[in-house]
Protein chains: 2
Amino acid sequence: MYQLLSRSPLFSGLTEEEIKKIFSRIVYQVRSYAKGELIASAGDECRSLQIVFKGNTKGEMIDYSGRVLKIEDIPPPRPLAVAFLFGQNNRFPVTVSATEYTELIVIPRQSVVTLMQTSEVFLTNFLNAVSNRAQFISGKLRFLSFKTLKGKLAHYLMELDRNQQQNGKINIPRSQEELAELFGVARPSLSRTLRELHHRGIIDANGRTVTIINREALLEDSE
Amino acid sequence: MYQLLSRSPLFSGLTEEEIKKIFSRIVYQVRSYAKGELIASAGDECRSLQIVFKGNTKGEMIDYSGRVLKIEDIPPPRPLAVAFLFGQNNRFPVTVSATEYTELIVIPRQSVVTLMQTSEVFLTNFLNAVSNRAQFISGKLRFLSFKTLKGKLAHYLMELDRNQQQNGKINIPRSQEELAELFGVARPSLSRTLRELHHRGIIDANGRTVTIINREALLEDSE
DNA sequence: ACCCAAATGTAACAAATGTTACAAACAAAG
DNA sequence: CTTTGTTTGTAACATTTGTTACATTTGGGT
(Lines give C-alpha, C1' and ligand atoms only; values in the text may rest on other atoms or scores of the structure.)
Protein backbone atom coordinates (compact mmCIF):
# COMPACT_ATOMS: atom_id res chain seq x y z
CA MET A 1 0.00 0.00 0.00
CA TYR A 2 2.68 2.50 0.90
CA GLN A 3 4.53 1.66 -2.25
CA LEU A 4 1.51 2.54 -4.30
CA LEU A 5 0.91 5.70 -2.34
CA SER A 6 4.45 6.85 -2.91
CA ARG A 7 3.57 6.99 -6.60
CA SER A 8 0.54 9.14 -5.91
CA PRO A 9 1.03 12.82 -6.68
CA LEU A 10 -0.05 13.65 -3.14
CA PHE A 11 2.82 11.74 -1.62
CA SER A 12 5.50 12.15 -4.22
CA GLY A 13 8.78 13.16 -2.69
CA LEU A 14 8.15 11.02 0.34
CA THR A 15 9.70 7.62 0.94
CA GLU A 16 7.59 4.62 1.81
CA GLU A 17 8.97 4.78 5.30
CA GLU A 18 7.93 8.38 5.72
CA ILE A 19 4.46 7.65 4.40
CA LYS A 20 4.11 4.72 6.76
CA LYS A 21 5.11 6.91 9.65
CA ILE A 22 2.68 9.62 8.64
CA PHE A 23 -0.20 7.20 8.28
CA SER A 24 0.44 5.72 11.67
CA ARG A 25 -0.63 9.02 13.17
CA ILE A 26 -3.91 9.52 11.39
CA VAL A 27 -7.28 7.92 11.10
CA TYR A 28 -8.22 6.38 7.79
CA GLN A 29 -10.06 3.44 6.37
CA VAL A 30 -10.24 1.32 3.26
CA ARG A 31 -13.53 0.85 1.44
CA SER A 32 -14.27 -1.47 -1.41
CA TYR A 33 -16.80 -1.23 -4.19
CA ALA A 34 -18.13 -3.76 -6.65
CA LYS A 35 -17.95 -3.15 -10.37
CA GLY A 36 -20.52 -0.55 -11.35
CA GLU A 37 -21.21 0.47 -7.78
CA LEU A 38 -21.85 4.10 -6.95
CA ILE A 39 -19.11 5.77 -4.94
CA ALA A 40 -20.58 9.26 -4.64
CA SER A 41 -23.46 11.12 -6.23
CA ALA A 42 -23.15 14.65 -7.51
CA GLY A 43 -24.25 16.84 -4.63
CA ASP A 44 -23.11 14.53 -1.87
CA GLU A 45 -21.14 16.22 0.81
CA CYS A 46 -17.44 15.64 0.58
CA ARG A 47 -15.94 15.10 4.00
CA SER A 48 -12.96 12.97 3.22
CA LEU A 49 -10.12 12.63 0.82
CA GLN A 50 -10.39 9.43 -1.14
CA ILE A 51 -7.53 7.86 -2.97
CA VAL A 52 -8.12 5.21 -5.59
CA PHE A 53 -6.03 2.32 -4.44
CA LYS A 54 -7.12 -0.54 -6.62
CA GLY A 55 -9.47 -0.91 -9.56
CA ASN A 56 -10.77 2.03 -11.56
CA THR A 57 -13.35 4.78 -11.29
CA LYS A 58 -15.05 7.32 -13.51
CA GLY A 59 -16.59 10.71 -12.92
CA GLU A 60 -19.61 11.91 -14.87
CA MET A 61 -22.00 14.80 -14.85
CA ILE A 62 -25.59 13.87 -15.31
CA ASP A 63 -28.22 16.44 -16.17
CA TYR A 64 -31.91 16.36 -15.35
CA SER A 65 -32.78 14.52 -18.50
CA GLY A 66 -30.28 11.80 -17.71
CA ARG A 67 -27.85 12.81 -20.40
CA VAL A 68 -24.34 11.97 -19.40
CA LEU A 69 -21.17 13.96 -19.83
CA LYS A 70 -18.14 11.93 -19.04
CA ILE A 71 -15.56 13.93 -17.21
CA GLU A 72 -12.71 11.56 -16.64
CA ASP A 73 -11.43 8.25 -15.46
CA ILE A 74 -9.60 8.24 -12.17
CA PRO A 75 -7.28 5.24 -11.92
CA PRO A 76 -4.97 4.41 -9.02
CA PRO A 77 -3.16 5.99 -7.38
CA ARG A 78 -5.04 9.20 -7.96
CA PRO A 79 -7.18 11.00 -5.41
CA LEU A 80 -10.89 11.79 -5.81
CA ALA A 81 -12.31 15.20 -5.13
CA VAL A 82 -9.14 16.87 -3.87
CA ALA A 83 -10.52 20.21 -4.82
CA PHE A 84 -13.78 19.74 -2.99
CA LEU A 85 -12.52 19.05 0.46
CA PHE A 86 -11.97 22.68 1.40
CA GLY A 87 -13.69 25.87 0.43
CA GLN A 88 -17.33 26.68 1.00
CA ASN A 89 -19.32 24.24 -1.01
CA ASN A 90 -18.01 20.82 -0.20
CA ARG A 91 -20.07 18.82 -2.57
CA PHE A 92 -19.16 16.39 -5.26
CA PRO A 93 -19.60 18.05 -8.64
CA VAL A 94 -19.79 14.72 -10.39
CA THR A 95 -21.17 11.29 -9.87
CA VAL A 96 -18.37 8.84 -9.25
CA SER A 97 -18.69 5.14 -9.77
CA ALA A 98 -16.44 2.13 -9.92
CA THR A 99 -15.84 0.72 -13.39
CA GLU A 100 -14.43 -2.47 -11.88
CA TYR A 101 -13.84 -3.85 -8.42
CA THR A 102 -12.29 -0.93 -6.60
CA GLU A 103 -10.73 -0.11 -3.25
CA LEU A 104 -10.39 3.38 -1.88
CA ILE A 105 -8.37 4.77 0.97
CA VAL A 106 -10.60 7.18 2.83
CA ILE A 107 -9.02 9.92 4.92
CA PRO A 108 -11.32 12.26 6.85
CA ARG A 109 -10.85 15.97 6.35
CA GLN A 110 -9.50 16.46 9.82
CA SER A 111 -6.80 13.90 9.18
CA VAL A 112 -5.88 15.65 5.98
CA VAL A 113 -5.36 18.81 7.97
CA THR A 114 -3.14 16.87 10.32
CA LEU A 115 -1.22 15.51 7.36
CA MET A 116 -0.64 19.01 6.06
CA GLN A 117 0.58 20.17 9.42
CA THR A 118 2.85 17.17 9.76
CA SER A 119 4.44 17.20 6.35
CA GLU A 120 5.41 20.23 4.40
CA VAL A 121 5.93 18.09 1.33
CA PHE A 122 2.38 16.83 1.57
CA LEU A 123 1.13 20.38 1.94
CA THR A 124 2.90 21.46 -1.22
CA ASN A 125 1.68 18.39 -3.06
CA PHE A 126 -1.85 19.04 -1.93
CA LEU A 127 -1.74 22.63 -3.07
CA ASN A 128 -0.40 21.56 -6.43
CA ALA A 129 -3.03 18.88 -6.72
CA VAL A 130 -5.86 21.30 -6.06
CA SER A 131 -4.43 23.72 -8.58
CA ASN A 132 -4.06 20.96 -11.11
CA ARG A 133 -7.68 20.05 -10.63
CA ALA A 134 -8.76 23.61 -11.19
CA GLN A 135 -6.66 23.69 -14.32
CA PHE A 136 -8.07 20.43 -15.56
CA ILE A 137 -11.64 21.49 -15.04
CA SER A 138 -10.95 24.78 -16.66
CA GLY A 139 -9.54 22.96 -19.66
CA LYS A 140 -12.75 20.97 -19.86
CA LEU A 141 -14.69 24.17 -19.72
CA ARG A 142 -12.66 25.63 -22.53
CA PHE A 143 -13.24 22.49 -24.49
CA LEU A 144 -16.99 22.58 -24.04
CA SER A 145 -17.00 26.22 -24.95
CA PHE A 146 -16.04 25.34 -28.49
CA LYS A 147 -19.49 25.66 -29.89
CA THR A 148 -19.45 23.44 -32.90
CA LEU A 149 -18.85 19.76 -32.96
CA LYS A 150 -16.35 20.22 -35.76
CA GLY A 151 -14.48 22.61 -33.51
CA LYS A 152 -14.39 20.16 -30.64
CA LEU A 153 -13.29 17.37 -32.89
CA ALA A 154 -10.58 19.42 -34.57
CA HIS A 155 -9.34 20.62 -31.22
CA TYR A 156 -9.33 17.12 -29.84
CA LEU A 157 -7.46 15.68 -32.80
CA MET A 158 -4.82 18.35 -32.78
CA GLU A 159 -4.34 17.92 -29.07
CA LEU A 160 -3.86 14.18 -29.45
CA ASP A 161 -1.53 14.74 -32.36
CA ARG A 162 0.60 17.06 -30.28
CA ASN A 163 0.86 14.45 -27.55
CA GLN A 164 1.44 11.43 -29.70
CA GLN A 165 4.02 13.02 -31.98
CA GLN A 166 3.37 10.72 -34.89
CA ASN A 167 3.24 13.48 -37.45
CA GLY A 168 -0.42 13.45 -38.25
CA LYS A 169 -1.17 9.84 -37.51
CA ILE A 170 -3.42 9.66 -34.48
CA ASN A 171 -4.54 6.78 -32.39
CA ILE A 172 -7.85 7.46 -30.77
CA PRO A 173 -7.93 5.64 -27.46
CA ARG A 174 -11.72 5.49 -27.29
CA SER A 175 -14.73 4.19 -29.10
CA GLN A 176 -16.93 6.66 -30.96
CA GLU A 177 -19.52 6.06 -28.33
CA GLU A 178 -17.14 7.20 -25.61
CA LEU A 179 -15.91 10.10 -27.69
CA ALA A 180 -19.44 11.31 -28.21
CA GLU A 181 -20.01 11.12 -24.48
CA LEU A 182 -16.85 13.10 -23.87
CA PHE A 183 -18.00 15.74 -26.31
CA GLY A 184 -21.52 15.74 -24.97
CA VAL A 185 -23.09 14.99 -28.36
CA ALA A 186 -25.06 12.16 -29.88
CA ARG A 187 -23.06 9.35 -31.38
CA PRO A 188 -24.43 9.56 -34.95
CA SER A 189 -23.67 13.28 -34.96
CA LEU A 190 -20.04 12.55 -34.24
CA SER A 191 -19.95 9.86 -36.90
CA ARG A 192 -21.47 12.24 -39.40
CA THR A 193 -18.94 14.93 -38.64
CA LEU A 194 -16.02 12.54 -38.96
CA ARG A 195 -17.40 11.43 -42.29
CA GLU A 196 -17.73 15.00 -43.46
CA LEU A 197 -14.12 15.83 -42.62
CA HIS A 198 -13.09 12.65 -44.35
CA HIS A 199 -15.07 13.37 -47.52
CA ARG A 200 -13.61 16.80 -47.68
CA GLY A 201 -10.15 15.30 -47.65
CA ILE A 202 -9.13 16.95 -44.41
CA ILE A 203 -8.58 13.77 -42.46
CA ASP A 204 -8.32 10.11 -43.24
CA ALA A 205 -10.35 8.09 -40.77
CA ASN A 206 -9.91 4.38 -40.49
CA GLY A 207 -11.26 2.74 -37.40
CA ARG A 208 -9.49 4.24 -34.46
CA THR A 209 -6.66 5.55 -36.55
CA VAL A 210 -7.10 9.04 -37.90
CA THR A 211 -4.59 10.82 -40.07
CA ILE A 212 -4.58 14.55 -40.42
CA ILE A 213 -4.13 15.36 -44.08
CA ASN A 214 -4.80 19.05 -44.21
CA ARG A 215 -3.85 20.68 -40.98
CA GLU A 216 -4.71 24.20 -42.10
CA ALA A 217 -8.20 23.23 -43.13
CA LEU A 218 -8.70 21.43 -39.86
CA LEU A 219 -7.66 24.49 -37.94
CA GLU A 220 -9.95 26.68 -39.97
CA ASP A 221 -12.71 24.27 -39.32
CA SER A 222 -12.58 24.73 -35.63
CA GLU A 223 -14.11 28.13 -36.28
CA MET B 1 -5.04 49.58 0.96
CA TYR B 2 -4.70 47.35 4.01
CA GLN B 3 -8.26 48.05 4.96
CA LEU B 4 -9.44 46.83 1.59
CA LEU B 5 -7.20 43.80 1.72
CA SER B 6 -8.57 42.81 5.08
CA ARG B 7 -11.90 42.36 3.34
CA SER B 8 -10.36 40.10 0.71
CA PRO B 9 -10.99 36.41 1.27
CA LEU B 10 -7.27 35.78 1.16
CA PHE B 11 -6.63 37.97 4.18
CA SER B 12 -9.80 37.52 6.15
CA GLY B 13 -9.11 36.78 9.76
CA LEU B 14 -6.11 39.09 9.75
CA THR B 15 -6.13 42.62 11.15
CA GLU B 16 -4.94 45.58 9.11
CA GLU B 17 -1.89 45.75 11.31
CA GLU B 18 -1.01 42.15 10.66
CA ILE B 19 -1.47 42.57 6.95
CA LYS B 20 0.73 45.64 6.98
CA LYS B 21 3.41 43.73 8.79
CA ILE B 22 3.17 40.81 6.42
CA PHE B 23 3.42 43.02 3.38
CA SER B 24 6.47 44.78 4.73
CA ARG B 25 8.36 41.57 4.29
CA ILE B 26 7.50 40.74 0.72
CA VAL B 27 7.96 42.16 -2.73
CA TYR B 28 4.91 43.40 -4.54
CA GLN B 29 3.83 46.14 -6.88
CA VAL B 30 0.73 47.97 -7.98
CA ARG B 31 -0.23 48.11 -11.64
CA SER B 32 -2.91 50.18 -13.23
CA TYR B 33 -4.96 49.58 -16.35
CA ALA B 34 -7.14 51.87 -18.41
CA LYS B 35 -10.74 51.01 -19.12
CA GLY B 36 -10.90 48.18 -21.64
CA GLU B 37 -7.22 47.42 -21.36
CA LEU B 38 -6.05 43.82 -21.53
CA ILE B 39 -4.70 42.44 -18.27
CA ALA B 40 -3.84 38.93 -19.37
CA SER B 41 -4.54 36.80 -22.42
CA ALA B 42 -5.64 33.22 -22.18
CA GLY B 43 -2.46 31.17 -22.36
CA ASP B 44 -0.23 33.76 -20.73
CA GLU B 45 1.97 32.38 -18.05
CA CYS B 46 0.79 33.11 -14.59
CA ARG B 47 3.69 33.99 -12.33
CA SER B 48 2.07 36.21 -9.79
CA LEU B 49 -0.98 36.53 -7.66
CA GLN B 50 -3.00 39.56 -8.65
CA ILE B 51 -5.58 41.15 -6.44
CA VAL B 52 -8.13 43.54 -7.86
CA PHE B 53 -7.71 46.62 -5.76
CA LYS B 54 -9.70 49.26 -7.55
CA GLY B 55 -11.99 49.28 -10.58
CA ASN B 56 -13.41 46.14 -12.12
CA THR B 57 -12.35 43.29 -14.35
CA LYS B 58 -13.89 40.49 -16.35
CA GLY B 59 -12.73 37.08 -17.46
CA GLU B 60 -13.81 35.58 -20.78
CA MET B 61 -13.04 32.56 -22.88
CA ILE B 62 -12.63 33.26 -26.54
CA ASP B 63 -12.69 30.48 -29.09
CA TYR B 64 -10.99 30.41 -32.49
CA SER B 65 -13.92 31.97 -34.23
CA GLY B 66 -13.94 34.88 -31.84
CA ARG B 67 -17.09 33.85 -30.04
CA VAL B 68 -17.02 34.95 -26.45
CA LEU B 69 -18.11 33.10 -23.35
CA LYS B 70 -18.19 35.36 -20.37
CA ILE B 71 -16.97 33.60 -17.29
CA GLU B 72 -17.26 36.17 -14.55
CA ASP B 73 -16.65 39.63 -13.25
CA ILE B 74 -13.91 39.98 -10.69
CA PRO B 75 -14.42 43.11 -8.62
CA PRO B 76 -12.28 44.31 -5.71
CA PRO B 77 -11.05 42.94 -3.45
CA ARG B 78 -10.95 39.59 -5.17
CA PRO B 79 -7.85 37.86 -6.48
CA LEU B 80 -7.26 36.84 -10.10
CA ALA B 81 -6.06 33.42 -11.06
CA VAL B 82 -5.51 32.02 -7.56
CA ALA B 83 -5.89 28.53 -8.90
CA PHE B 84 -3.32 28.98 -11.63
CA LEU B 85 -0.34 29.98 -9.61
CA PHE B 86 0.63 26.48 -8.58
CA GLY B 87 0.32 23.13 -10.27
CA GLN B 88 1.82 22.18 -13.57
CA ASN B 89 0.23 24.33 -16.18
CA ASN B 90 0.48 27.88 -14.97
CA ARG B 91 -1.42 29.57 -17.69
CA PHE B 92 -4.39 31.85 -17.63
CA PRO B 93 -7.42 29.91 -18.78
CA VAL B 94 -9.27 33.11 -19.62
CA THR B 95 -8.62 36.47 -21.09
CA VAL B 96 -8.88 39.10 -18.41
CA SER B 97 -9.50 42.75 -19.11
CA ALA B 98 -10.38 45.87 -17.19
CA THR B 99 -13.96 47.04 -17.57
CA GLU B 100 -13.05 50.39 -16.06
CA TYR B 101 -9.94 52.06 -14.71
CA THR B 102 -8.40 49.38 -12.57
CA GLU B 103 -5.52 48.90 -10.17
CA LEU B 104 -4.07 45.54 -9.26
CA ILE B 105 -1.74 44.48 -6.51
CA VAL B 106 0.77 42.09 -8.01
CA ILE B 107 2.55 39.60 -5.77
CA PRO B 108 5.13 37.28 -7.36
CA ARG B 109 4.72 33.59 -6.76
CA GLN B 110 7.77 33.43 -4.55
CA SER B 111 6.33 36.08 -2.28
CA VAL B 112 3.10 34.15 -2.07
CA VAL B 113 5.07 31.18 -0.86
CA THR B 114 6.68 33.41 1.74
CA LEU B 115 3.25 34.65 2.77
CA MET B 116 2.05 31.11 3.27
CA GLN B 117 5.06 30.28 5.35
CA THR B 118 4.65 33.40 7.42
CA SER B 119 0.96 33.22 8.11
CA GLU B 120 -1.00 30.11 8.75
CA VAL B 121 -4.21 32.03 8.36
CA PHE B 122 -3.16 33.11 4.90
CA LEU B 123 -2.29 29.55 4.04
CA THR B 124 -5.72 28.32 5.05
CA ASN B 125 -7.36 31.17 3.20
CA PHE B 126 -5.36 30.41 0.11
CA LEU B 127 -6.27 26.76 0.20
CA ASN B 128 -9.91 27.65 0.59
CA ALA B 129 -9.69 30.16 -2.22
CA VAL B 130 -8.21 27.64 -4.62
CA SER B 131 -10.87 25.11 -3.67
CA ASN B 132 -13.56 27.69 -4.14
CA ARG B 133 -12.25 28.43 -7.58
CA ALA B 134 -12.30 24.79 -8.53
CA GLN B 135 -15.85 24.60 -7.25
CA PHE B 136 -16.88 27.67 -9.17
CA ILE B 137 -15.40 26.45 -12.41
CA SER B 138 -16.95 23.11 -11.91
CA GLY B 139 -20.32 24.77 -11.41
CA LYS B 140 -19.82 26.56 -14.71
CA LEU B 141 -19.02 23.27 -16.30
CA ARG B 142 -22.16 21.74 -14.94
CA PHE B 143 -24.08 24.69 -16.21
CA LEU B 144 -22.69 24.42 -19.71
CA SER B 145 -23.42 20.74 -19.69
CA PHE B 146 -27.13 21.47 -19.68
CA LYS B 147 -27.59 20.90 -23.33
CA THR B 148 -30.64 22.91 -24.18
CA LEU B 149 -31.06 26.62 -23.84
CA LYS B 150 -34.34 26.05 -22.02
CA GLY B 151 -32.48 23.90 -19.56
CA LYS B 152 -29.86 26.54 -18.92
CA LEU B 153 -32.46 29.21 -18.55
CA ALA B 154 -34.62 27.15 -16.20
CA HIS B 155 -31.60 26.26 -14.12
CA TYR B 156 -30.46 29.85 -13.99
CA LEU B 157 -33.87 31.14 -12.96
CA MET B 158 -34.33 28.56 -10.24
CA GLU B 159 -30.86 29.29 -8.93
CA LEU B 160 -31.59 33.01 -8.76
CA ASP B 161 -34.93 32.32 -7.14
CA ARG B 162 -33.28 30.27 -4.47
CA ASN B 163 -30.84 33.06 -3.73
CA GLN B 164 -33.24 35.96 -3.83
CA GLN B 165 -35.94 34.30 -1.77
CA GLN B 166 -38.76 36.35 -3.22
CA ASN B 167 -40.99 33.41 -3.78
CA GLY B 168 -40.94 33.21 -7.53
CA LYS B 169 -40.29 36.85 -8.29
CA ILE B 170 -36.83 37.15 -9.75
CA ASN B 171 -34.71 40.14 -10.52
CA ILE B 172 -32.31 39.45 -13.31
CA PRO B 173 -29.20 41.50 -12.71
CA ARG B 174 -28.13 41.50 -16.35
CA SER B 175 -29.24 42.55 -19.78
CA GLN B 176 -30.37 39.89 -22.20
CA GLU B 177 -27.24 40.57 -24.15
CA GLU B 178 -25.11 39.72 -21.14
CA LEU B 179 -27.23 36.71 -20.27
CA ALA B 180 -26.83 35.34 -23.75
CA GLU B 181 -23.09 35.77 -23.44
CA LEU B 182 -23.12 33.96 -20.12
CA PHE B 183 -25.06 31.11 -21.66
CA GLY B 184 -22.94 31.05 -24.75
CA VAL B 185 -25.88 31.51 -27.10
CA ALA B 186 -27.05 34.17 -29.53
CA ARG B 187 -29.16 36.94 -28.11
CA PRO B 188 -32.28 36.40 -30.27
CA SER B 189 -32.27 32.75 -29.32
CA LEU B 190 -32.46 33.64 -25.68
CA SER B 191 -35.21 36.15 -26.35
CA ARG B 192 -37.14 33.55 -28.29
CA THR B 193 -36.85 31.01 -25.52
CA LEU B 194 -37.99 33.48 -22.88
CA ARG B 195 -40.97 34.29 -25.06
CA GLU B 196 -41.80 30.63 -25.45
CA LEU B 197 -41.79 30.00 -21.73
CA HIS B 198 -43.91 33.08 -21.31
CA HIS B 199 -46.45 32.06 -23.93
CA ARG B 200 -46.76 28.67 -22.38
CA GLY B 201 -47.61 30.30 -19.08
CA ILE B 202 -44.62 28.94 -17.24
CA ILE B 203 -43.07 32.27 -16.42
CA ASP B 204 -44.12 35.87 -16.56
CA ALA B 205 -41.38 37.96 -18.06
CA ASN B 206 -41.44 41.70 -17.77
CA GLY B 207 -38.25 43.51 -18.45
CA ARG B 208 -35.71 42.33 -15.95
CA THR B 209 -38.33 40.95 -13.63
CA VAL B 210 -39.31 37.37 -14.19
CA THR B 211 -41.89 35.53 -12.15
CA ILE B 212 -42.00 31.79 -12.02
CA ILE B 213 -45.61 30.71 -12.37
CA ASN B 214 -45.35 27.00 -12.86
CA ARG B 215 -42.35 25.67 -11.09
CA GLU B 216 -42.98 22.05 -11.99
CA ALA B 217 -43.23 22.79 -15.68
CA LEU B 218 -40.05 24.83 -15.49
CA LEU B 219 -38.25 21.97 -13.87
CA GLU B 220 -39.52 19.52 -16.42
CA ASP B 221 -38.41 21.88 -19.10
CA SER B 222 -34.85 21.71 -18.09
CA GLU B 223 -34.85 18.22 -19.49
C1' DA C 1 -42.10 66.61 -23.91
C1' DC C 2 -38.70 65.20 -27.10
C1' DC C 3 -34.69 62.87 -28.85
C1' DC C 4 -31.22 59.55 -28.92
C1' DA C 5 -28.93 55.39 -27.84
C1' DA C 6 -29.33 51.13 -26.12
C1' DA C 7 -32.01 47.13 -25.23
C1' DT C 8 -35.49 44.07 -26.57
C1' DG C 9 -39.14 41.77 -29.60
C1' DT C 10 -39.87 39.45 -33.72
C1' DA C 11 -39.77 37.01 -38.14
C1' DA C 12 -37.81 34.24 -41.99
C1' DC C 13 -34.59 31.40 -43.20
C1' DA C 14 -30.05 28.70 -42.70
C1' DA C 15 -27.23 25.57 -40.29
C1' DA C 16 -26.20 22.30 -36.76
C1' DT C 17 -27.40 18.64 -34.01
C1' DG C 18 -30.64 15.19 -32.08
C1' DT C 19 -33.50 11.03 -32.80
C1' DT C 20 -34.62 6.81 -34.48
C1' DA C 21 -33.96 2.95 -36.90
C1' DC C 22 -31.61 -0.20 -39.43
C1' DA C 23 -27.68 -2.09 -42.11
C1' DA C 24 -22.90 -3.22 -42.33
C1' DA C 25 -18.49 -4.29 -40.33
C1' DC C 26 -15.84 -6.08 -36.79
C1' DA C 27 -14.13 -8.82 -33.00
C1' DA C 28 -14.11 -12.22 -29.61
C1' DA C 29 -15.61 -16.95 -28.37
C1' DG C 30 -16.66 -21.36 -29.41
C1' DC D 1 -15.91 -20.85 -39.83
C1' DT D 2 -19.95 -19.51 -37.61
C1' DT D 3 -22.20 -17.18 -34.07
C1' DT D 4 -23.17 -13.44 -31.29
C1' DG D 5 -22.66 -9.05 -29.33
C1' DT D 6 -20.65 -4.65 -29.98
C1' DT D 7 -19.30 -0.90 -32.69
C1' DT D 8 -19.78 1.89 -36.63
C1' DG D 9 -22.03 3.82 -41.00
C1' DT D 10 -25.92 5.86 -42.85
C1' DA D 11 -30.34 7.96 -43.91
C1' DA D 12 -34.73 10.59 -43.05
C1' DC D 13 -36.72 13.56 -40.43
C1' DA D 14 -37.50 16.58 -36.13
C1' DT D 15 -35.79 20.02 -33.21
C1' DT D 16 -32.90 23.50 -31.70
C1' DT D 17 -30.12 27.29 -32.35
C1' DG D 18 -27.77 30.74 -35.29
C1' DT D 19 -28.07 34.72 -38.46
C1' DT D 20 -29.73 38.72 -40.21
C1' DA D 21 -32.53 42.39 -40.45
C1' DC D 22 -35.76 45.37 -38.88
C1' DA D 23 -39.46 47.11 -35.72
C1' DT D 24 -40.48 48.47 -31.15
C1' DT D 25 -39.74 49.79 -26.53
C1' DT D 26 -37.26 51.82 -22.78
C1' DG D 27 -34.63 54.99 -20.12
C1' DG D 28 -31.86 58.83 -19.67
C1' DG D 29 -30.53 63.37 -20.81
C1' DT D 30 -31.85 68.16 -22.10
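What follows is a chat about a predicted model and the protein residues near its DNA strands.

Reader: Where do I start with DNA strand D? Which residues are closest to it?
Author: This is a predicted model, so keep that in mind. The closest residues to DNA strand D are A:Gln176, A:Arg195, B:Leu149, B:Ser189 and B:Arg192, and 18 residues surround the strand.

Reader: And what part of strand D does the protein sit by, sugar and phosphate or bases?
Author: Among the atoms of DNA strand D within 4 Å of the protein, 42% are from sugar or phosphate, and the rest are from bases.

Reader: Okay, which side chain has an N or O atom 3.0 Å from a base nitrogen of strand D?
Author: That's A:Arg187.

Reader: What about the phosphate oxygens of strand D?
Author: A:Ser191 has a polar side-chain atom 3.4 Å from one phosphate oxygen of DNA strand D. With B:Leu149 it's a backbone N or O atom, 2.5 Å from a phosphate oxygen of that strand.

Reader: Which helix gives the most to the surface near strand D?
Author: H7(A) does, with 5 residues. Helix H6 (176-183) of chain A and helix H7 (187-199) of chain B also supply at least two residues each.

Reader: How do those residues split by class?
Author: There are 5 nonpolar, 6 polar and 7 charged residues in the surface near DNA strand D.

Reader: Switching to strand C. Which residues are closest there?
Author: For DNA strand C they are A:Leu149, A:Ser189, A:Arg192, B:Gln176 and B:Arg195. Sugar or phosphate makes up 47% of the strand C atoms within 4 Å of the protein.

Reader: What are the contacts on strand C?
Author: Among them, a polar side-chain atom of A:Ser189 is 2.8 Å from a phosphate oxygen of DNA strand C, and a backbone N or O atom of A:Ala186 is 3.0 Å from a phosphate oxygen of that strand. The side chain of B:Arg187 puts an N or O atom 3.1 Å from a base nitrogen of strand C.

Reader: Which helix has the largest share near strand C?
Author: H7(B), with 5 residues.

Reader: New topic: is A:Lys152 buried or exposed?
Author: A:Lys152 counts as buried, because its relative accessibility is 5% and the cut-off for buried is under 20%. A:Lys152 is in helix H5 (residues 149-164) of chain A.

Reader: What does A:Lys152 touch?
Author: Leaving out residues up to four places away in sequence, A:Lys152 touches A:Phe143, A:Leu144, A:Phe146 and A:Phe183.

Reader: Last one: what does UniProt say about residues 147-216 of chain A?
Author: An unreviewed UniProt entry annotates them as "domain: HTH crp-type". In the model, that stretch is 56% helix and 16% strand.

Conventions: Residues numbered from 1 in each chain as written. Chains lettered and ligands numbered in written order. Predicted model: local features only at pLDDT ≥ 70, side-chain atom pairs only at ≥ 80, totals over all residues. Heavy atoms only, no water. Near = heavy atom within 4 Å. Polar contact = N/O pair within 3.5 Å; in protein donor to acceptor, adjacent residues only side chain to side chain. Helix = DSSP H or I, 4+ residues; strand = E, 2+ residues; numbered from the N terminus. Nonpolar A, V, L, I, M, F, W, Y, C, P; charged D, E, K, R; others polar. Buried < 20%, exposed > 50% of the residue type's maximum accessible area, 1.4 Å probe, protein only. Contact = heavy atoms within 4.5 Å. UniProt positions renumbered as here; feature names shortened; annotations may be inferred.
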